[in-house]
Amino acid sequence: RMSWAMIATMAISLARGTEVEMAAEGEQRRRFLILPFCFERGGRVNLKVTNIFIKDQRGHLVNMEDPTVGFMVRLAPPSFRVEQEASFLCPLTSDGKSMQAAKQTNILVKGRELNFSRVFTNYDGLFTVEYANCQANTQVSFDLSVTAENPNHNQLSAGDAPLPICFFLSSCLFFLALLVWGAVLWVYRDNVQPIQCFMAMTCLVKIVFTVLQAMRYTRFQVTGRSSGWSTATHVFMFLKGLLFFSVILLLGSGWSYLKPFLSSRDKKILFLILLLQVVVNTAVVMVEELPSSQSGWETWRDVLQLADIMCCFGVLMSIVWSIRQLNEVGEADGKTQDNVKKLKLFRRFYMIVLGYIYLTRIFVVMMGTLLACRYTWVCTVVEEFATLCLFVWIGHAFRPTHNNPYLQIPSETEMQSNNNA
């Protein structure tokens, strides 16, 4: 199975396109990943390296007659990992038998320039382009350009080739959901609360983001670069994340339908989510723009994962506090059926949101480790479908009808409890 680092690299490598350009100056790392790509038979990889200089610790040029630095193009094994310094084994000294078994091609540096091209006529699957330096205590400088493509000049990895269609169909389904939601708000316009308008806005931003994703991957497919689509996608990704988590938080806190205000605690969580969304989107931009071979890339990837998990934790805690608050109100005034119903509804809301977070943050990643690289698009389909189901369920649960138990007006005791919070 592939490691989480590998899955993360695969998931975002195409955000930078399938053309990797890197300028290394005094590189001391022994080995690192440059590009993962899922090839179909007939795919091609091109590698060009110029201005190659190898120096020792004193800054003297090292003789390159006995090559110790090079690059590898190899089929990623099931337990893919890039070896760390402490356990480093030189991969460039493998004998022919092991190289053939690993479906690996070594490209050794023997001069100031290096050109390499390979067509995958007999193999397909996930291949990686990696750098290796088998001579310790040396510094290597070079300019690198790597391009990868599948047959018919398809610049997308095999696992991402269906994504333009998937995102386009997803945008159509979300647009249909928005039309239905708009019709519901119009029919029950006398009962519409501000939170339901925010829900419509969130769905609209999601549609625009999904369309931009479809256009961006289409651009990748043709040119290998996103041109100006990435900027627009990053903007709407930020708006989508901010609105989505804010709506879940506001629904969980009962704003506008149980209470016309936010408590100081709710405001702090909302501000925290806003701050975390800024961190998440900054990390996404850095991870997408920096090559995976760049120092600091893994740090930004870890920041992205941590901030996203903290956002999820924040919205879950707001729902838990609402459940606890309803419990306290019921115990204070001997409350009966109303609070029992609301408790059941909020607990159901909590379980739905928790299930969604588990599905999209854990299950999808686990599924990606089991799928062949050409089927990784299924993970995106599952995530989009889960998001659509969540939107539909929330819209049904919080529809502005007269008999909706979620939207019943709270009693004076509840209002007094909310004011004290």
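Two strands are said to pair if DSSP finds at least two bridges between them. In this predicted model, strands β1 and β8 are joined by seven bridges and run antiparallel. One residue pair in that ladder is A23 with D143, the latter lying in β8.

**The sheet containing β1 and β8**

Strands β1 and β8 belong to an open sheet of four strands, ordered β1-β8-β3-β6, with antiparallel pairing. The edges are taken by β1 (19-27) and β6; each has a single partner strand, so one side of each lacks a neighbour in the sheet. Ignoring direction, neighbouring strands of this sheet are turned by 15° against each other on average.

Strands of a sheet pair through backbone hydrogen bonds, in either a parallel or an antiparallel sense. At the β6 end of the sheet, β3 (residues 43-56) pairs with β6 in the antiparallel sense over seven bridges. There, G43 has F120 of β6 as its bridge partner.

In a regular strand the side chains alternate between the two faces of the sheet. Strand β6 (residues 114-120) has a covered face made of L114, F116, R118 and F120. The uncovered face of β6 holds N115, S117 and V119.

**The other sheet**

Another open sheet has four strands in the order β2-β7-β4-β5, and its pairing is antiparallel. Its edge strands are β2 (31-39) and β5 (104-108), each of which pairs on one side only. From one strand to the next, the twist averages 15°. Strand β4 (residues 69-75) is joined to β5 by five bridges in the antiparallel sense. Within that pairing, R74 is matched with Q104 of β5.

The strand pairs described above are set side by side here.

| Strand pair | Sense | Bridges | One bridge pair |
|---|---|---|---|
| β1 and β8 | antiparallel | seven bridges | A23 and D143 |
| β3 and β6 | antiparallel | seven bridges | G43 and F120 |
| β4 and β5 | antiparallel | five bridges | R74 and Q104 |

**Helix α3 and what surrounds it**

Helix α3 covers residues 163-187. At 1.5 Å a residue, its 25 residues should span 36 Å, and its end C-alpha atoms are 36 Å apart, which agrees. Several residues of α3 are buried, among them F167, F174, L178 and W181. The elements covering the buried residues of α3 include α4 (194-223) and α9 (377-397).

How do α3 and α4 pack? Their axes are 8 Å apart and make an angle of about 160°. This makes α3 roughly antiparallel to α4, because angles over 145 degrees count as roughly antiparallel. The crossing of α3 past α4 is left-handed.

**Two loop residues with positive phi**

Most residues other than glycine have a negative phi. N137 is not a glycine, yet its phi is positive, near 60°. N137 sits in the loop between β7 (125-133) and β8 (138-149). H153 also has a positive phi, of about 60°, without being a glycine. H153 is placed in the loop between β8 and α3.

Are these residues buried or exposed? N137 has a relative accessibility of 55% and so counts as exposed, the cut-off being over 50%. H153, at 58%, counts as exposed for that reason too.

**A residue of helix α6**

F271 lies in helix α6 (residues 264-289). F271 is exposed, with a relative accessible area of 55%. Between F271 and S246 there are 9.5 Å in space, C-alpha to C-alpha, while they are 25 residues apart in sequence.

Notes. Residues are numbered from 1 along each chain as its sequence is written. This is a predicted model: local features need pLDDT of at least 70, side-chain atom pairs count only at pLDDT 80 or more; totals for chains, interfaces and linings use all residues. Side-chain values use heavy atoms; hydrogens and water are left out. Buried means under 20% relative accessible area, exposed over 50%, partly exposed in between (1.4 Å probe, protein chains only). Axes are lines fitted to C-alpha atoms, for helices over the stretch in contact, and angles run from 0 to 180 degrees between N-to-C directions. The expected span of a helix is 1.5 Å times one less than its number of residues. Contact means heavy atoms within 4.5 Å. Angles under 35 degrees count as roughly parallel, over 145 as roughly antiparallel, 65 to 115 as roughly perpendicular and the rest as oblique. A crossing is left-handed if the near helix is turned anticlockwise from the far one by less than a right angle, and right-handed if clockwise.
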